[in-house]
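Visitor: I should like to learn how to read the features of a structure such as this one. Could we take them one at a time, with the general idea before the case?

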Amino acid sequence: MNIVKKILIILLIFFIATACKTFFIPSDENINIKSDKLSFDNILQNEFKYKNLSVRFAAEISSGETSESFRGNLRIKKDSIIWMSVRSFSIEGARIVITQDSLKFINRMNNTYFIGDISALSKRFDIEFDYNILQSLMTNSFFFYPPIENDDISSYSTCHDSILYCINRIIQRDYVKLYDEMNNYKENDNPDIEINDFILQKIKIYPEIYRIAEVYMENNIRNQSLNIKYNKMFKVDDQYFPK
């Protein structure tokens, strides 16, 4: 498996080991939670607040018929740096360091390393990943995708859900893409044509505690989607965090 791909999978799939009280939401299929009472202030005021975060995690990566299990430690200095140490069979296998503009990865099992710009993630997956998005994904925080200049949820519309606040936003943008292999298109030996690119971001939010329950992103042209669910909200001191 490609090293950069494995890094991203490890970053996105991790289990927070803790034991606290759980927040449950009853389901009623006949009720649609109205998102018009939801404000961006509600979300920001209830985000997990920290300066330095340290957690232990476990993850399993499956690729074809093979799978690998990992345990490790994750530390985040907010808006600054992410450290991750990954172990397999009690042997340190990898260290990952991510800053606002850099990505460093050391694999001690086979003595390889990667040093580059964090944009390598975006280039590898053809999707706009940056430090802030990765940090938000790992700390159950709200983020705009694609980013917008004036942060506000007024550009989002209400979607249906029986137990959660649900809002979504569809961005349409025009861009030039090489397309002749897909449509066998060619005109004056110039295969560049203009295409409408629709990007969807759907966010579901737990009522009462205003924490993110699910994030779904989709790019219709590139046939890409990412769905992240935050289950079992545990109370850590006076704040909620997903298990």
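Guide: Let us begin with a loop: Asp-79 is placed between strand S3 (66-77) and strand S4 (81-88). Please keep in mind throughout that the model is predicted.

Visitor: What is the phi of Asp-79?

Guide: The general idea is that most residues other than glycine have a negative phi, and most peptide bonds are trans. Asp-79 is not a glycine, yet its phi is positive, about 60°. Asp-79 counts as partly exposed because its relative accessible area is 43%, between the limits of 20% and 50%.

Visitor: Where does Tyr-210 lie, and is Tyr-210 buried or exposed?

Guide: Tyr-210 is in the loop between S10 and S11. Its relative accessible area is 17%, and Tyr-210 is therefore buried, the limit being under 20%. Tyr-210 also has a positive phi, of about 55°, although it is not a glycine.

Visitor: Which residues does the cis peptide bond join?

Guide: The cis bond joins Tyr-145 and Pro-146, with omega at about -10°. Pro-146 belongs to the loop between helix H4 (131-138) and S8.

Visitor: How many cavities of 30 Å³ or more does a search of the whole structure find?

Guide: The principle is that rolling a probe the size of a water molecule over the atoms shows where empty space is left. Here the search finds 1 cavity of 30 Å³ or more. About 60 Å³ of space lies in the largest cavity.

Visitor: Which residues lie nearest the centre of the largest cavity?

Guide: They are Ile-127, Tyr-145, Glu-218, Asn-219 and Gln-224, out of 11 lining residues. Tyr-145 thus appears in the lining as well as in the cis peptide bond with Pro-146. By residue class, the lining holds 5 nonpolar, 3 polar and 3 charged residues.

Visitor: Which strands each supply at least two residues of that lining?

Guide: Strand S11 (212-219) and strand S12 (224-229) each do so. Ile-212 is also in strand S11.

Visitor: Is Ile-212 buried or exposed?

Guide: Ile-212 is buried, because its relative accessible area of 3% falls under 20%. Its C-alpha atom is separated by 8.4 Å from that of Ile-43, a residue 169 positions away along the chain.

Visitor: How should I read a salt bridge, and how many does a search of the whole structure find?

Guide: Side chains of opposite charge can pair when their charged atoms come close. The search of this structure finds 1 salt bridge. In that bridge the side chains of Lys-204 and Asp-161 meet at 3.0 Å, N to O. The pair links distant parts of the chain, 43 residues apart: Lys-204 is in strand S10, whereas Asp-161 is in the loop between strand S8 (157-158) and strand S9 (165-178). Both Lys-204 and Asp-161 are buried.

Visitor: In which strand is Ile-205, and what residues does that strand span?

Guide: Ile-205 is in strand S10, residues 192-205. Its relative accessibility is 0%, so Ile-205 counts as buried. The C-alpha atoms of Ile-205 and Tyr-230 are separated by 10.0 Å, with their positions 25 residues apart along the chain.

Visitor: Let us turn to the surface. Which residues form the nonpolar patch?

Guide: The patch consists of Ile-106, Tyr-113 and Ile-115, which together have about 360 Å² of accessible area. Ile-106 is in strand S6 (residues 102-107), and Tyr-113 is in strand S7 (residues 112-117).

Visitor: Why does Tyr-113 count as exposed, and why does Ile-106 count as partly exposed?

Guide: Tyr-113 counts as exposed because its relative accessibility is 62%, over the 50% limit. Ile-106 counts as partly exposed because its value is 39%, between 20% and 50%. In space, Tyr-113 is 9.5 Å from Arg-95, C-alpha to C-alpha, and 18 residues from it in sequence.

Visitor: As a last case, where does Phe-57 lie, and how far apart in space are Phe-57 and Arg-71?

Guide: Phe-57 lies in strand S2 (residues 52-63). Phe-57 and Arg-71 are 5.7 Å apart, C-alpha to C-alpha, and 14 residues apart in sequence. With a relative accessible area of 3%, Phe-57 is buried.

Notes:
Residues are numbered from 1 along each chain as its sequence is written. This is a predicted model: local features need pLDDT of at least 70, side-chain atom pairs count only at pLDDT 80 or more; totals for chains, interfaces and linings use all residues. Side-chain values use heavy atoms; hydrogens and water are left out. On a 1 Å grid over the protein atoms alone, a cavity is a set of points where a 1.4 Å probe fits but cannot get out, and a pocket is an open set with protein on both sides within 12 Å along at least five of seven lines; lining residues have an atom within 4 Å of a point. Grid points are joined across faces, edges and corners, and a volume is the space filled by probe spheres set on the points. Helices (H or I, at least four residues) and strands (E, at least two) are DSSP runs, numbered from the N terminus. Ala, Val, Leu, Ile, Met, Phe, Trp, Tyr, Cys and Pro count as nonpolar, Asp, Glu, Lys and Arg as charged, and the others, Gly among them, as polar. Patches are made of residues with over 30% relative accessible area and no salt bridge: like charges are joined within 9 Å, nonpolar side chains (Val, Leu, Ile, Met, Phe, Trp, Tyr) within 5 Å. Accessible areas come from the Shrake-Rupley method with a 1.4 Å probe; for residues, only the protein chains shown count as cover. A salt bridge is a side-chain nitrogen of Lys or Arg within 4 Å of a carboxyl oxygen of Asp or Glu. Buried means under 20% relative accessible area, exposed over 50%, partly exposed in between (1.4 Å probe, protein chains only).
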